[in-house]
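Dear colleague,

I am handing over the structure below, and I would be grateful if you could read it alongside the notes that follow.

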Amino acid sequence: MKNITYKCIECNKEIQTKDVVYLCPDCSKNYIPGMPLKGILLVELDYEFIRNRYSKTFDIKLFNPIDLKYFPNIKVGHTPFYKSEQLSNYFGFDNIFVKNDTLNPSGSLKDRASYLVVAEANRLGIDEIVTASTGNAASALACICAADGKKATIMVPENAPEAKLIQILQFGAQLIKVKGTYDDAFKVSLEYSNKKNVLNRNTAYHPFTIEGKKTVGLEIVVQNFNHVPDVILIPVGDGVILSGVYKAFLDLKKSGITNKMPRLVAVQAEKSSAIHNFVVSGVFEKYSNPDTLADSISVSVPSAALLAYRAIKETNGFSLTVTDDEILQAQLLLSQTAGLFVEPSSATVVAALNKLKNSELINPKEQIVLLLTGSGLKDLKSATKLLKFPEKSIQSINDLI
Ligand SMILES: *Cc1c(COP(=O)(O)O)cnc(C)c1O
Ligand SMILES: [Zn+2]
């Protein structure tokens with residue numbers, strides 16, 4: 001049995017429990033609908049134990065909060081990490097690397113969080129997990145639950161686009177439509193998990209969503225021969241992926257493995273930029289009516305705004321925004337130069353390179369990692385916007401001229 005505690009990011013209260021825990025019981029009382037979550041918990045590992053096991057290199061498994069025996073039998077993570085010569089040349093940087101997390105079982109980085117939450121359900125002996133989501137978190141939960149013989153229940157707002165529901169149904173999850181917006185679906189999912197013996201996987205609400213996503217940061221260091229890159233560009237909606245990457249480097253620091261933190265750069269869509277505005281102004285305001293085709297980062301009230309803000313400031317990172325047009329161009333460029341087809345949210349980090357190439361913010365010699373979070377096959381409608389389909393058919397090659 002692993003020895004972990006949970007620590008509140010706001011009041012620093014430490015909680016030691018073997019039971020289900022979501023938010024800090026004190027701080028979460030101050031939660032106001034329409035504002036980010038209060039009292040998010042981070043897992044504190046036995047860093048002394050990790051330090052003693054460490055010699056020259058480390059095993060990511062050391063950083064698991066629970067025993068390996070609980071994990072579902074499906075391969076998640078361990079995705080490719082390599083230098084993109086094409087993007088480096090194209091943008092005029094020396095060292096652009098990609099971490100291709102589109103190659104997870106359901107096609108997105110969200111599988112990392114679901115993988116750990118399903119393992120936690122196994123530890124607790126719970127056989128159903130619920131989440132409120134319309135997108136990749138739901139597909140990821142449905143997928144990993146299917147591989148583990150668990151019931152997944154997904155609460156979606158009534159106007160959720162049909163294309164986003166296909167994977168959920170394909171993986172056999174129970175799909176429930178909730179009247180109203182995402183906030184309403186979130187609320188009903190909490191009622192559901194409070195009343196029944198069901199675990200809740202809502203993003204940032206369950207501390208293991210952050211903890212699961214941190215594995216991408218740990219893998220980058222291992223695959224980079226134990227070097228910490230200089231900069232990581234991350235597409236940001238709720239801010240949980242960015243917080244997870246930050247947690248990876250906090251863990252490495254606390255274990256005495258490295259003190260270097262990469263600068264974490266949040267890339268948002270111009271018309272869904274709550275975290276960017278927070279970073280720039282220092283004051284949080286929700287983004288009313290977000291409007292971007294990058295639906296995975298279209299968020300009005302980012303649940304992990306506070307933690308993401310802290311991660312960006314503490315690592316000397318920064319944030320920027322890109323327009324939908326820039327996103328679509330970058331998506332096509334990435335496909336046609338590097339052979340990588342990502343969804344619009346992930347293409348934001350490529351669009352960001354365009355803005356950064358002549359700026360003071362990044363030295364062209366630095367090692368820059370692009371986090372590619374989701375597959376382009378999830379959203380074919382967006383991709384087709386810039387494609388030109390052939391108009392007529394030919395009978396022989398003579399018709400080509
Ligand atoms: C969820 C998601 C993001 C954004 O992650 P947040 O934790 O919401 O900031 C980016 N890309 C993809 C593909 C996603 O599914
Ligand atoms: Zn607290």
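**What was found**

Arg201 sits in the loop that runs between strand E9 (199–200) and helix H7 (207–213), where helices (H or I, at least four residues) and strands (E, at least two) are DSSP runs numbered from the N terminus. Because its relative accessibility is 0%, Arg201 counts as buried; buried means under 20% relative accessible area, exposed over 50%, and partly exposed in between, with a 1.4 Å probe and protein chains only. Between the C-alpha atoms of Arg201 and Ile241, which are 40 residues apart along the chain, the separation is 14 Å.

Before going further, please note that this is a predicted model, in which local features need pLDDT of at least 70 and side-chain atom pairs count only at pLDDT 80 or more, while totals for chains, interfaces and linings use all residues. Residues are numbered from 1 along each chain as its sequence is written, chains are lettered from A and ligands numbered from 1 in the order in which they are written, and side-chain values use heavy atoms, with hydrogens and water left out.

**The zinc site**

The zinc ion (ligand 2) has as its protein donors the SG atoms of Cys8, Cys11, Cys24 and Cys27, which lie 2.3 Å from it; donors are N, O and S atoms within 2.8 Å of the metal (3.2 Å for Na, K and Ca), and since water is not among the atoms, sites may look incomplete. The arrangement is tetrahedral because the four donor atoms subtend angles of 105 to 113°, the criterion for four donors being that all angles lie between 85 and 135 degrees. Along the chain, the donors of this zinc ion follow the spacing C-x2-C-x12-C-x2-C. Cys8 belongs to strand E1 (residues 5–8) and Cys27 to the loop between strand E2 (14–15) and strand E3 (41–44), so this pair ties together parts that are 19 residues apart in sequence. Both Cys8 and Cys27 are buried. Leu23 is also found in the loop between E2 and E3, and Leu23 is buried, with a relative accessible area of 14%.

**Ligand 1**

Around ligand 1 there are 15 residues, of which the closest are Lys110, Gly237, Asp238, Gly239 and Thr373; a residue is counted here if one of its heavy atoms lies within 4 Å of the molecule. An N or O atom in the side chain of Lys110 is 2.7 Å from an oxygen atom of ligand 1, whereas Gly237 brings a backbone N or O atom to 2.8 Å from a ligand oxygen, and a polar backbone atom of Asp238 is 2.7 Å from an oxygen atom of ligand 1. Taken alone, ligand 1 exposes 380 Å², and the protein buries 97% of that.

**The loop between H8 and E10**

Asn224 lies in the loop between helix H8 (215–223) and strand E10 (231–235), and at 7% relative accessibility Asn224 counts as buried. The side chain of Asn224 reaches the backbone oxygen of His227 at 3.0 Å. Phe225 is found in the loop between H8 and E10, but at 70% relative accessibility Phe225 counts as exposed; phi of Phe225 is near 55°, a positive value in a residue other than glycine.

With best regards

Methods:
Tetrahedral: all angles 85-135°; square planar, octahedral: opposite > 155°, others 65-115°. Polar contact = N/O pair within 3.5 Å; in protein donor to acceptor, adjacent residues only side chain to side chain. Areas by Shrake-Rupley, 256 points an atom, 1.4 Å probe, with all protein chains shown as cover.
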